[in-house]
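This report describes the overall make-up of a single chain and then turns to a few places where its backbone calls for a careful look.

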Amino acid sequence: MESRYNPAAIEEKWQKAWIEQGIDKTEENKDKPKFYALSMFPYPSGSLHMGHVRNYVITDVIARLKRMQGYRVLHPMGWDAFGLPAENAAIKNNIPPAKWTQQNIVQMRDQLKRLGLSIDWDKELATCSPDYYKWTQWIFLQFLQAGLAYQKEAAVNWDPVDQTVLANEQVDSEGRSWRSGAKVEKKLLKQWFLKITDYAEELLQDLDQLTGWPERVKLMQANWIGKSTGAYLEFPIVGSSEKIGVFTTRPDTVYGVTYVVLAPEHPLTRQVTTPDRQAAVEAFIQEVAAESELERMAEDKPKRGIPTGGMAINPFTGAEIPIWIADYVLYEYGTGAVMGVPAHDTRDFQFAQGNNLPIQVVIVPPNNDVETLRVTPLQEAYTEPGIMVNSGSFDGTDSVKGKQAVIEYAEKQGWGKARIQYRLRDWLISRQRYWGAPIPIVHCPNCGIVPVPEADLPVRLPEDIEFTGRGGSPLAQLSSWVNVPCPTCGTPAKRETDTMDTFIDSSWYFLRYPDAKNDKQVFDSARVNDWMPVDQYVGGIEHAILHLLYSRFFTKVLRDRPQEGAEGNRNLLNFDEPFQRLLTQGMVQGLTYMNPNKADKDKWVPTSIVNADDPRDPQTGEPLKLVYATMSKSKGNGVAPEEVIAKYGVDTARMFILFKAPPEKDLEWDEADVQGQFRFLNRVWQLVTEFAQQATVKETSIKNPKSKIEKDLRRAIHTAIQAVTEDLEGEYQFNTAVSELMKLSNALADATCKDSPVYAEGIKTLILLLAPFAPHIADELWHAIANQESVHKQSWLKADPDALVADEMTLVIQINGKTRGTIQVPAQADRQMQEKLARESEPAQRYVEGKEIKKVIVVPGKLVNFAIG
C-alpha cells in the first residue's frame, strides 16, 4: 500500500472493482426491506455542473448508507432527453437531434461514473428512446380512454416571422420571440390537454399525506392549485338570450356590481360589441394579443380596457350595466369574465376610477355610522367583512353570513349556484416541435379522432427531417409521415403532428425504473408496487410545482386504471403518492464579479476577463463587486467538476459538497475549504496506514476496557457512531456528520493507546463511517487493514449504550460566579457528593481560604458556585 494518498489511482481501481463485483446492482431479495433512492434525472446537455454533482452525491450517500443498514436498494439513473435544445443544436450545427443527444448522454454517463456513484446502470433509460416513448404514448391512450385527454382551441404564442408556436419560456419580458425577435402574437390553435382539474381536490387534500416533504413545497403546490369557494353567477346580456357567467368569492358584494369585464378573446366579445365600437374593440383585441400572459397579469401594470357598447343586467338590482373588455382578464382563467365591484375590490376600484365607472358601496365596517358611510365617496376600496347595505332584503346582514344567503337566493331565482373553483388549469401538452414523443392520434375525415392501436406503438419519430427553425412543426411538413390510412376505416387520414410536452416524459419515469427493460408492458405492476413509492427523492426547488404536481397527477390516474387481464379488477398501481420524502437541495454558488450600475442581465462579468488585483468592468472601467451568486454559464462563475476531481480526487469533492452547507441551503464554493477536506482525507490515510504497518494488534473483546484512556476513546468512538447515524437518518445533516468524522479522527490521532484493541476498533469504525461519504478511500483503507470483502458490503455500526456512559463528569468550580477551575467527579455522584468534592478541590481551597461561604449553588453535573464575603 502506498504511503502517500493518491486519489486518481485508487478511484479508478475501485470503480473497476465495484463493476466486477456488481455491488451496485439492485438486489431483489424480498426478505429485506426496500429503499428506493432517486435523484431527479438530468437533461443531457453534454456536461455536468456542480449542481448535478451535489444532487447525485447526496442521493448516493443515502443509497450507500441504506445498503449497509440491510436494505435492498434501487438507485437508478436516466436521461430527460427530449426538448428544444436538441432542435436548436440541429439548426445551428446541422446535426440530427438524436445524434446530438446520444453523444451528450455518452459524455455525461462517463462523468457520472467518474463520481463513483453507486448507480445500477442496468436500469438506465432515456425518454427519447422508442422503447421508452412507446409507453409514454401508451399512457396517453390510457388518459384518452379515461376521458382525461381532449383537444380544443386555445390561445398560443405565435411567432409571425418564423411561423411557429412558442412556449412561454421562449418569449422574453418584452413579449418578443427569443429567436426571431418578432413581437409575439396570440393565436387560436387546436391543442391537446390533460384534465388535471379532475384531480384538483385530491391533489390538494393528499398534500397532508406528504409528511416527508418540505412545508414550503407543499404550500407552493397548494397555492398553485388555488382552491376558492364561492358562487357562479350569470348576468343576462341586453337584447340577447346569452348570459355572461362569472365566478366570485364575494357573492355578498353582488349588489355593488356596476360593470362586467370580458377577456378580449372571449367568444362573447364580438357578439356584445355595438357597431359604433367595432373598430376600437378590434384594435384593442389586436393590441392585447401582442402581450404575453405575464405582461397582462403583472400587478404593477395599469389595467387597460375599453367599453364594447354592449350592456348586461345585474339580476339582483335590475340595473343595466356596461360590458367592457380589459387586458387583465384572460379567457383561460375562470370563466373568462369578471364582475366589477369597485367599492370592494382594489383592482376594480382603480379600474373604475380610471374609466369613470360608478362605485356603489354595499358593505360597510361594523359599528360605524352606516348612513354616513353609504353616501360618503370612498377614498379606497373597502375589502374587509362588514355589514351589507344597499343590498335589498339583505340590508343589515353580516357580510360573512350574507355570502351563503345570497347564493341560496341566486339558486332559488335561477341566477347562479354555489361553486368551488381552482386556479389550476387543464394541462396543455401540445408542442409544435419535432424532438418529443409524437401524440398517437390519427385524424380521419370519417371517424374523427382515432387512437393509434396499441399494437402499432410506438409511433416513431421519422429521421429524414430538415431543420430550418421556420415554418411551424417539421413533422407537419413531412407528407410521407403525415399521410396514413385511418386505423379504423382505412380512409386516407392524417397523423397528429404535435408532440408532447417534455414534462409528460418526466411525470412517470420513476415508475419505469423498477422494470426498465420490460418490452411487453409499461411495467409489471407487482414489481412497481413492491418498490414504490420512492423513499427519498432529491432535486432542485425549481421543480417544486410543475414536475412534482404532474408526477402526482400521473400516479393517481394510473392508480385508477385497470390492469389488463388482472384477476379481481386490480389496477395498475396501489399507492396514492409517488414520493414519500423529498429533499430540495440548495444551489451551488461561486464568487462572481458584478457591476451594480448595470441592468440585471448585463451586470455579471466573467471571472476569466477580470484582473483580480484591480477588478474593473472591461467595458466601462467601473469598479466591480465580488459576491456569491448561483453558478451559471451566463455569469462566467462556474467551476468544472472534472477540474476539481483532477486536482483533488472525487472523494474530496464529495466531502466538500457534503461538509460545506446543510443540503437544503445554498452552498458557497470555496477552494480553501476543498483543500481542507483534502487535508482531512490525507490525515485519515496517514492514521490508517500507520496502524496497518504496525500489524501487531489482534482484535479481542473490547466491551469493557479497563483503563481510563481506553474508556474515553471507546466513548468517543461510539459517540461518533451515534451522532453520524442520527445525522444521516434525521434531516440529512451531512455537514455535521462530517464534523463528527473529524472529531473521531482527532481522538484517534491524540490517543496514547495505539496498541489497544479499542484503538483498532476506532480505526475500523472511522473507515466504516466514512464509507458512504468517501467510498473509494474507504474501500482502499478497509482492505489495508486486512479485510477481503468491500467495505460497502459491511453492516452499518450500532452504538453501544454502555460505551456512551461516562465514568466521570467535569464539574466547573465558580467563586462569586467567576470560573476558577474544573474537577473530575464520579458520574454517579449525587448533589451532596458534588458539593463535598467541590469544597475539597484545589480551586475552592485556594479562593475560599480564610473567607466565609455565604451560599453554595449546585447545578448537578455542571457547576458548583461558592458565594463568599
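## Charges and surface

For the count of charges, Lys and Arg are taken as positive and Asp and Glu as negative, while His and the chain ends are not counted. On that basis, in this predicted model, the chain carries 98 positive and 115 negative charges, and the mean positions of the two sets lie 3 Å apart. The chain exposes about 39,200 Å², of which carbon and sulfur atoms supply 49%.

## Overall build

The chain has 869 residues, 51% of which count as buried, and its secondary structure comprises 28 helices and 33 strands. Along the principal axes, the C-alpha atoms fill a box of roughly 105 × 80 × 75 Å. Among contacts with a separation of 6 or more, 71% join residues that are 24 or more positions apart.

## Cis peptide bonds

The peptide bond from Leu457 to Pro458 is cis, with omega near 5°, and Pro458 belongs to the loop between β20 (448-451) and α14 (479-482). A cis bond also leads from Met532 to Pro533, here with omega near 0°; Pro533 sits in the loop between α17 (525-531) and β24 (536-540).

## Positive phi values

Asn390, although not a glycine, has a positive phi of about 50°, and its place is in the loop between β15 (387-388) and α13 (399-413). Asn390 counts as partly exposed because its relative accessibility is 26%.

Ala786, likewise a residue other than glycine, has a positive phi near 70° and is found in the loop between α25 (775-784) and α26 (801-804). With a relative accessible area of 63%, Ala786 is exposed.

Technical notes
Residues are numbered from 1 along each chain as its sequence is written. This is a predicted model: local features need pLDDT of at least 70, side-chain atom pairs count only at pLDDT 80 or more; totals for chains, interfaces and linings use all residues. Side-chain values use heavy atoms; hydrogens and water are left out. Helices (H or I, at least four residues) and strands (E, at least two) are DSSP runs, numbered from the N terminus. Buried means under 20% relative accessible area, exposed over 50%, partly exposed in between (1.4 Å probe, protein chains only). Contact means heavy atoms within 4.5 Å. Accessible areas come from the Shrake-Rupley method with a 1.4 Å probe; for residues, only the protein chains shown count as cover. The place of a charge is taken as NZ of Lys, CZ of Arg, CG of Asp or CD of Glu.
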